[in-house]
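Trainee: I have a new structure open and would like to go through it. Can we take it piece by piece?

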Amino acid sequence: MSIDQAGFTKNDLAKYPFLKETARHLSPLDLQIEDLTNSDMHQILDRAMERVTLAITNLTVRPLIGTQGRYVIKDLQKEITSFPVAIMLVSATGNSLIKKRYALAEAKQATNELFLESKELLLKIAFDFGWKIAIAPSDSGSEFDLNFSDFLQNASHLHDAKWKLVNSKLFEGKVYLNKRDVVRLLQEEIKRRIEKRLNTVAIDQYPPEISEIAEKLKTLAAENIGQNETDFPKIVVQEAFPPCINALYTAASKNHHLPHMGRFALTSFLVNIGMSAESVTELFKSFSDYNERLTRYQVEHIAGERGSGTKYTCPQCSILQTHNVCKNRDTFCERIYHPLKYYKLKSELTFQSQPEKPEESPTSNT
Ligand code: SF4
């Protein structure tokens, strides 16, 4: 049997429920949103809720079993069915942050599994996305060759220099890759498919029980995504600034022009980590278009000291990437999805090796 003729096993579908074949497998069920509240759907609904909850809290969709242990899927059918149900739950929240978070968590989970799979199964999954990929000739020194347009489609979202086409092994329209690289590119593809699916769910009205679950998920997200990064050190630690904010901060300090999104990102980041509106206003003082009254008003507005009293959160990485504000990504960036999360993690590390400093201003002189 050739690789592309082979179907997926039920175990494959449980591990990779985003595959097209899952829909074919589940089509006899004709799952509708009203069915989710039936008593015989309880276990599936519970597992779907677990998927989304874990995505929000831990950026995964499977519980961790022990330090070395792997999650064992006991009920394949429940595992497969819980995926489209989780999609419905996430859609019911209508929250773009939860959608992105869930898609990323599913993609990361799949990635963990894909590393352990055979080359043949990797190919089958890549074919599901329409990739033109093959096992590379043994004398090529690589494991796979991938059509360069499939490579570009996915690598363009990755910022490390190794993903630039000029740094790749390219020959006759094919990019030569190892297994780790193929899995990383598949992660992008999987995330995109799930995000697309979440954004095309067309349900006019959700049953009250599902709306109630969606509200709980939104509350959980508000407590865990972005918002829970507010537990910061009492002083501002510039060494822990993410690269994008560092670039903006340095540019502002040198009186270089900042685009609107750059100003907003910098201001909202600084007020969220505890810098006073006064200090942030001061930072913009040397700008040629500086207007003290207007700048103070804008900064205080973002800090929640005016108007509705809402403090604005710094935009997450994906938004900053879209606006070209994401700059100089480093390895820490691979672990986070939000600049405030970066700051929280890195400042914790910084404090493990540095004594506390009493002032509010950044720890390095600017
Ligand atoms: S990945 Fe996020 S934190 Fe890192 S530089 Fe880009 S926007 Fe900033």
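Mentor: We will start with the whole chain and then turn to some of its parts. Keep in mind that this is a predicted model.

Trainee: Fine. How many helices and strands does the protein have?

Mentor: Its secondary structure comes to 15 helices and 4 strands.

Trainee: And what share of the residues is buried?

Mentor: Of the 366 residues, 35% count as buried. As for contacts, take those between residues at least 6 apart in sequence: 74% of them join residues at least 24 apart.

Trainee: Next, the ligand. Which residues surround the ligand?

Mentor: Four cysteines are in the list: Cys244, Cys317, Cys326 and Cys333. Pro242, Pro243 and Pro339 are there too, along with Leu320, Arg329 and Tyr342.

Trainee: Which elements give two or more residues to that shell?

Mentor: Helix H10 (243-253), helix H14 (317-322) and helix H15 (339-353) do.

Trainee: What does the shell look like by class?

Mentor: It has 9 nonpolar residues, no polar ones and 1 charged.

Trainee: Switching to helix packing. At what angle do H3 and H5 pack?

Mentor: Helix H3 covers residues 42-58 and helix H5 covers residues 96-114; they pack at about 100°, and their axes are 9 Å apart. That angle makes H3 roughly perpendicular to H5.

Trainee: Which residues meet there?

Mentor: From H3, Val52, Ala55 and Ile56; from H5, Ile98, Arg101, Tyr102 and Ala105. By class, this contact has 6 nonpolar residues, no polar ones and 1 charged.

Trainee: Now helix H8. What span should its 21 residues have?

Mentor: H8 runs over residues 179-199, and at 1.5 Å a residue it should span 30 Å. The end C-alpha atoms are 30 Å apart, so the model agrees with that figure.

Trainee: Which of its residues are buried?

Mentor: Among them are Val182, Val183, Leu185, Leu186, Ile190, Ile194 and Leu198. The list also includes Asp181, Arg184, Glu189 and Lys191.

Trainee: What covers the buried residues of H8?

Mentor: The cover includes helices H4 (76-93), H5, H6 (119-128) and H7 (148-155), as well as strands S2 (144-147) and S4 (174-177). H5 is also the partner of H3 in the packing we discussed.

Trainee: And H11, is it mostly covered or mostly open?

Mentor: Mostly covered, with 10 of its 13 residues buried. Those include Arg263, Leu266, Phe269, Leu270 and Val271. H11 takes in residues 260-272 and reaches 18 Å from its first C-alpha to its last, close to the 18 Å expected.

Trainee: What comes just after it?

Mentor: Gly274, just after H11, takes a positive phi of about 110°.

Trainee: Let me pick single residues. Where is Leu170?

Mentor: In strand S3, residues 169-171. Leu170 has 14 C-beta neighbours inside 10 Å, so it counts as partly exposed.

Trainee: Leaving out residues up to four places away in sequence, what does Leu170 touch?

Mentor: Phe148, Leu165 and Val175. Separately, Leu170 and Leu146 are 24 residues apart in sequence, and their C-alpha atoms are 9.4 Å apart.

Trainee: Last one, Glu282. Where is it found?

Mentor: In helix H12, residues 277-283. Glu282 is partly exposed because 16 other C-beta atoms lie within 10 Å, and a residue needs 20 or more to be buried.

Trainee: How far apart are Glu282 and Arg296?

Mentor: They are 14 residues apart in sequence and 8.9 Å apart in space, C-alpha to C-alpha.

Conventions: Residues numbered from 1 in each chain as written. Predicted model: local features only at pLDDT ≥ 70, side-chain atom pairs only at ≥ 80, totals over all residues. Axes fitted to C-alpha atoms, helices over the stretch in contact; angles between N-to-C directions. Parallel < 35°, antiparallel > 145°, perpendicular 65-115°, else oblique. Contact = placed C-beta atoms within 7 Å. Nonpolar A, V, L, I, M, F, W, Y, C, P; charged D, E, K, R; others polar. Near = placed C-beta within 6 Å. Expected span 1.5 Å × (residues − 1). Buried ≥ 20, exposed ≤ 12 C-beta atoms within 10 Å, placed from the backbone.
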